[in-house]
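Please open the model in your viewer and keep the sequence panel beside it. The tour goes from one selection to the next, with a short account of what is found at each stop.

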Amino acid sequence: MIKFDEKRRVFNLSNDSFSYIFHINKLNYLIHLYAGAKLNDFGIERMNERYIERYAYLENGKEVCDESYYFSEQGSLFECASNLKGDKRGAFAIIRHKDGSRITNFKYFSHKIIKGKESPVGLPHFRIKNNSEAETLVVTLKDEFDEIYLDLFYTLFSSKDALVRFSRLRNKTGSSIFIEKLSSLQLDRVNSNYDLVSSHGQWGDDRELEVTQIGHSKICVNDNHGGRGFRQNPSILIKERDANYDYGEVMAFSLVYSGNFKFEIGLDEYDQLRVLALINDESFDYEVKNGENFDAPECLMVYSNKGINRVTQQMHDIIRDNLLPQQFAFKERPILINSWEPFMFDFDTEKIKKLILDAKELGIEEVVLDDGWFGDRKDDKRALGDWFINSNKINLKEVVDFAHNQNMKFGLWIEPEMISPDSELFRKKPNFALANPNKKPTLLRHQLVLDLANDKIVEDTFKQFCEIFDQIPFDYVKWDFNRYLTDIYSNFLGSEKEGEVFHRFMLGSYKLLDMFTKRYPNILLETCASGGGRFDLGMMYYSSQIWGSDETNPLSRVMIQFATNVFYPLSTIGAHVSAANSLTIQDKIITSAFGTFGYELNPSKLTKDEKEKIKTFNKLIKEHHHVVTCGDYYVLNSPYLTNYASWMCVTKDKKEALVFNFVFKREQTKGRFLKLKGLKPDANYFNSLTNDVYKGDFYMKVGLNLSAPLTDGMTMLFVLKEVNPLVKTIANKKAEQAKREKLL
Ligand code: DGJ
């Protein structure tokens, strides 16, 4: 898949449908040529010839200029832009050298092509099952002036229109150097008609899409909260202005990183696009000692020339196939019920046992005990860091055994990165918190953050959890993270290295997650940050699902899920039905069915009718879970453009589909058809809502007939199943008869 043309010095990374091409120019710069649908023939001379400057430099007091060679530092498309040289569009890297200089000019040094893939050390990354799945090109660049090497990694997967990239800086200068900025990916591209689709949010409105026209003022999509990514999310789309869900060029970029990140996006004076993806360089200053390396996180790039739906499907596929913990990625997830909304901190052994029995009765398969089971945690003001069971409140071993005897699973909530000032841990070790002792720290939700930049604290924390999880066989963990980082100061690193705290904190968090998931590989992990503030590919390496939002009202939930679905597989989005006073239980269930499904309510407060609905839908959801967990996702109507949010999931073999339609504002009767996508045109599909059978072709060209009055918040679920033609005739006859009887 990856070829190097020695004569033309061209790297061609191509699989059956995607090509990424660049070359080494005469001055040894890496020049980007092409990224897009598979390209079979190209001429680099033609692709490069728009610059009309002669390139000159000063050597030993004399101007050196190759009269025959035309090259512009200012306008060429680079794979790795220099710093403080002729390219002013944003440096790939800024490195402070021993003499204080920040000039770097990385040029080709060597390269190798390897089967399989290499990954950044200590960071989450895409995985491969075997070496035939991917090939990796490693191009080593060397700074023109110093012994600093930069390895650029490009992994191409055989069956995906995607590249995974990262960079590794190696210091051989003989003394320390300091990284002030280091990108994972640079993409320079001709043409200017691009829009950016990013997402942002806050608690309760966890994700919302935003479209921004990309112009000549640089756009920064970034976050600096240090691990709770509501404000902006590290996944973006760049699309041609007229591209839509099914048409046009769209590229997705997503960092495999949960800490501070940044995308720099903008056009240059020649209307060419530059995209840089990196760890946010704000308050970032990282020492790399002589002989040491620094790895930037991976960044995924996905390409489609068939619109957003195709990019979304590719993202979902590569995340499921190559990132999520594989023991859970395609597995049916148990329907769970969480104690938080029904009980908050007010529970005991008997209450939880009753919850287990009530839940079982409804066809729920797992009970999760949320916050409040440890130390003196009677409210959210105390005890984080005191990870020992409060046996006066609950006998956890008894409860878990009880659940297992009832054939139910049992899960537990934890929040390992945090410390309450009112805790035994803080009283003993106040310097375990991130805070400068001379500057009073900010409390958020009454808590501080543990200094996980320090390995000892990571290990101590891990040991506390082992004492519990070694004793009690939990099936699931909800790993929460309820405040963002402030007071970025470690009491252990030393004054020279305080610029490393953010990143080292992230490395420590990953280490803790890594140790935990390796020791307890059968525990299904769901991460969370005050609701859905944890959505990123870094977390997905460890946790198969992430809590979507504390907001469970379908009117807002649908918007949050719609925005999250663009980038992340539906199976990763924790979606629960709560007792919150909004719409009907059926509407809430149908909305949550398009995520990892569960409940946050007290079953003993449900009406008989609600209980019956829950039982019926639980069966339906279990029967069709694989359509959502493993299928292809299509947007049918965007709530940003219409009064509906409509989407569907289709199994890979196209034999089953689930269709969702949500109505925001009531509408009178209108001629209204919902056209479906992704079905087999010639197959017959039985529609469980109307009980009739039509061909896929009909559903895709004419659609489902929704020409009746629609009410506010009306939620519809259609199940389509391929059937043989005989069933078609019988079913249609029955449906006809039923309709006639209704009319009579
Ligand atoms: C925030 C989460 O989003 C909630 O679901 C719950 O787990 C609380 N934290 C517990 O403190």
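Begin by selecting every cysteine: taking a disulfide as a pair of cysteine sulfur atoms within 2.5 Å, the count comes to zero. Cys220 takes part in no disulfide, and the nearest cysteine sulfur, that of Cys299, is 15 Å away. Cys220 is partly exposed, with a relative accessible area of 34%; here buried means under 20% relative accessible area, exposed over 50%, and partly exposed in between, with a 1.4 Å probe and protein chains only. Move next to Cys649, whose sulfur is 10 Å from the closest cysteine sulfur, in Cys630, which is too far for a bond. Cys649 is buried, at a relative accessible area of 2%.

A word on the model itself: it is predicted, so local features need pLDDT of at least 70 and side-chain atom pairs count only at pLDDT 80 or more, while totals for chains, interfaces and linings use all residues. Residues are numbered from 1 along each chain as its sequence is written, and side-chain values use heavy atoms, with hydrogens and water left out.

Now select residues 134-143, which form strand 9; helices (H or I, at least four residues) and strands (E, at least two) are DSSP runs numbered from the N terminus. Is this strand buried or exposed? Of its 10 residues, 10 are buried, so strand 9 is largely enclosed by the rest of the structure. Showing the side chains separates two sets: Ala134, Thr136, Val138, Thr140 and Lys142 point one way, Glu135, Leu137, Val139, Leu141 and Asp143 point the other way, and all are buried.

Add the neighbouring strands to the selection, bearing in mind that two strands pair if DSSP finds at least two bridges between them. Strand 8 (residues 106-115) runs antiparallel to strand 9 and is joined to it by nine bridges; within strand 9, Val139 is the bridge partner of His111. Strand 10 (residues 148-157) also pairs with strand 9 in the antiparallel sense, over nine bridges, and Leu156 in strand 10 is the bridge partner of Glu135. A hairpin of four residues leads from strand 9 to strand 10.

Select the ligand next, together with the residues near it, that is, those with a heavy atom within 4 Å. There are 13 residues around the ligand, of which Asp370, Asp371, Lys478, Asp480 and Asp550 come nearest. This shell divides into four nonpolar, three polar and six charged residues, where Ala, Val, Leu, Ile, Met, Phe, Trp, Tyr, Cys and Pro count as nonpolar, Asp, Glu, Lys and Arg as charged, and the others, Gly among them, as polar.

Distances can then be drawn from the ligand. One of its nitrogen atoms is 2.7 Å from an N or O atom in the side chain of Asp480, and an oxygen atom of the ligand is 2.9 Å from a polar backbone atom of Gly531. An oxygen atom of the ligand is also 3.5 Å from an N or O atom in the side chain of Trp547. Taken alone, the ligand exposes 290 Å², and the protein buries 98% of that, with areas from the Shrake-Rupley method and a 1.4 Å probe.

Finish with two backbone stops. Arg9, in the loop between strand 1 (2-5) and strand 2 (10-14), has a positive phi of about 55 degrees although it is not a glycine, and at 26% relative accessibility Arg9 counts as partly exposed. Ala383 lies in the loop between strand 24 (366-369) and helix 6 (396-405); its phi is near 80 degrees, a positive value in a residue other than glycine, and at 1% relative accessibility Ala383 counts as buried.

Technical notes: A polar contact is a pair of N or O atoms within 3.5 Å; within protein, one must be able to donate a hydrogen and the other to accept it, and residues adjacent in sequence count only if both atoms are side-chain atoms.
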